[in-house]
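Dear colleague,

I am passing on a structure that you have not worked with before, and below it I set out what was found. Please read the notes with the structure open beside them.

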Amino acid sequence: MKQDYITIKEVNLNNNCPECYNNNGLHVTFLQKFVETRFYKSITSDLSHKMECRTCNSMIYPERWTEDIERVFDYHKKASTPKAPTYKLKKNAWAVIASLAFIVITALIIVLF
């Protein structure tokens, strides 16, 4: 099973970085979970985010956020619309379903006749 995240929205923030105090390096990325197996592909409703400073190359965790960063983050979180959760069966799943249906129908024909 392969779990990955797809990018919904990327935003550059003009707030000061809590690490290096530079005001043009903060970058936030909103992500949505994508799952792929041999039988199906699915975009889930599981959302995530990450904030990093591209000037000092450090991850900015929510404990270090100032009120200004939190306010701007909440605004962009509301403005980003995630993709609708989807579920798509692959050819392997359809083959299993078809073979099971064939076995059940054959068994019913044998029992009834």
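To begin with a question, is Arg71 buried or exposed? In this model, which is predicted, Arg71 is exposed, with a relative accessible area of 52%. Its side chain meets that of Asp68 in a salt bridge, at 2.5 Å from N to O, and Asp68 counts as partly exposed at 42% relative accessibility. The two residues are 3 apart in helix α1 (residues 67–79), so about one helical turn separates them.

The count of salt bridges comes to 5, and Glu10, Glu52 and Arg54 are linked in a network of them. Arg54 pairs with Glu10, the closest N and O atoms being 3.9 Å apart; because Arg54 lies in the loop between β3 (40–53) and β4 while Glu10 is in strand β1 (residues 2–12), this pair ties together parts that are 44 residues apart in sequence. Arg54 also forms a salt bridge with Glu52, at 3.7 Å from N to O. Each member of the network is partly exposed, with relative accessible areas of 46% for Arg54, 48% for Glu10 and 21% for Glu52.

Lys33, in strand β2 (residues 26–36), is a case to look at separately, since a salt bridge requires the nitrogen and the carboxyl oxygen to lie within 4 Å. Lys33 is buried yet has no salt bridge, the nearest side chain of opposite charge, Asp46, being 4.3 Å away. The side chain of Lys33 does, however, make a polar contact with the side chain of Gln3, at 3.4 Å.

With best wishes

Notes
Residues numbered from 1 in each chain as written. Predicted model: local features only at pLDDT ≥ 70, side-chain atom pairs only at ≥ 80, totals over all residues. Heavy atoms only, no water. Helix = DSSP H or I, 4+ residues; strand = E, 2+ residues; numbered from the N terminus. Buried < 20%, exposed > 50% of the residue type's maximum accessible area, 1.4 Å probe, protein only. Lys, Arg positive; Asp, Glu negative; His and termini not counted. Polar contact = N/O pair within 3.5 Å; in protein donor to acceptor, adjacent residues only side chain to side chain.
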